[in-house]
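I opened a new notebook page for this chain. The plan is to look up the core, the surface, the ring pairs and the charged contacts, and to write down what turns up.

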Amino acid sequence: MNDLVKFFDGLPFIVKIIFALPGIDGIAWGIYRLAKGLSKNDLTLIIAGIVWIAVGWAIFWIIDIITILMHGKPTVMV
């Protein structure tokens with residue numbers, strides 16, 4: 001799981017923005033949060049990843065775009 005988190009962290013800025021677009025965000029960044037939660041053994045982050053996969057494509061994508069623009073990566077927010 002650490003390799004997947006490092007892969008997402010190492011993506012170019014433009015690819016991170018593309019992954020944050022509606023429809024793609026829930027899958028891409030939801031999997032990122034889920035993998036990060038599993039690697040850290042953090043139940044809250046695992047639940048956030050599952051929720052992000054379920055509804056991130058419709059609601060949370062704007063949060064990811066803003067946090068990527070501000071911090072360079074999506075903020076976990078938990």
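The entries below follow the order in which I looked things up.

**Entry 1, the model.** I note at the start that this is a predicted model.

**Entry 2, the core.** I looked up the largest nonpolar core and found twelve residues in it: V5, F8, L11, I17, A20, A28, W29, Y32, A35, W52, I65 and I68. I then checked which elements supply at least two residues each, and these are α1 (2–9), α3 (25–40) and α4 (43–71). Helix α3 gives the most, with four residues. I add one general remark: in soluble globular proteins, nonpolar side chains tend to be buried together.

**Entry 3, around A20.** I picked A20 from the core list and looked up its contacts, leaving aside neighbours within four places in sequence. A20 touches D25, W29, W61, D64, I65 and I68. Of these partners, W29, I65 and I68 are also members of the core.

**Entry 4, the nonpolar surface.** I looked for nonpolar side chains on the outside and noted a patch of about 610 Å², made by M1, L4, F7, I27, I31, L38 and I53. Two elements, α1 and α3, give two or more residues to this patch. Helix α3 gives the most here, with three residues. I also note that F7, one of the patch residues, sits in helix α1.

**Entry 5, the rings.** How many aromatic pairs are there? I count seven aromatic pairs. I looked at F7 and F8 and found their ring centres 5.7 Å apart with planes at 75 degrees; planes over 60 degrees apart count as edge-to-face, so this pair is edge-to-face. F8 has 7% relative accessibility and so counts as buried, the limit being under 20%.

Next I looked at F19 and W29, which form another edge-to-face pair, with 6.4 Å centre to centre and 70 degrees between the planes. F19 is in helix α2 (residues 13–19) and W29 in helix α3, so the pair links distant parts of the chain, ten residues apart. Is each partner buried or exposed? F19 is partly exposed, at 24% relative accessible area, while W29 is buried, at 0%. I also traced the ring pairs further and found that they link F7, F8, F19, W29 and Y32 into a cluster.

**Entry 6, the salt bridge.** I searched the whole structure for salt bridges and found one. The side chains of R33 and D64 form it, at 2.7 Å from N to O. R33 lies in helix α3 and D64 in helix α4, so the pair ties together parts that are 31 residues apart in sequence. Both R33 and D64 are buried. I had already met D64 as a contact of A20.

**Entry 7, T67.** I looked up T67, which lies in helix α4. T67 is buried, with a relative accessible area of 9%. Leaving aside neighbours within four places in sequence, I list its contacts as G72, K73, P74 and T75.

**Entry 8, N41.** Last, I checked the backbone at N41, which lies in the loop between α3 and α4. N41 has a positive phi of about 55 degrees, although it is not a glycine. Its relative accessibility is 70%, so N41 counts as exposed, the limit being over 50%.

Notes: Residues numbered from 1 in each chain as written. Predicted model: local features only at pLDDT ≥ 70, side-chain atom pairs only at ≥ 80, totals over all residues. Heavy atoms only, no water. Core = buried A, V, L, I, M, F, W, Y, C linked by side-chain atoms within 4.5 Å. Buried < 20%, exposed > 50% of the residue type's maximum accessible area, 1.4 Å probe, protein only. Contact = heavy atoms within 4.5 Å. Patch = residues over 30% accessible without salt bridge, like charges linked within 9 Å, V, L, I, M, F, W, Y side chains within 5 Å. Areas by Shrake-Rupley, 256 points an atom, 1.4 Å probe, with all protein chains shown as cover. Phe/Tyr/Trp six-rings, centres within 6.5 Å; stacked < 30°, edge-to-face > 60°.
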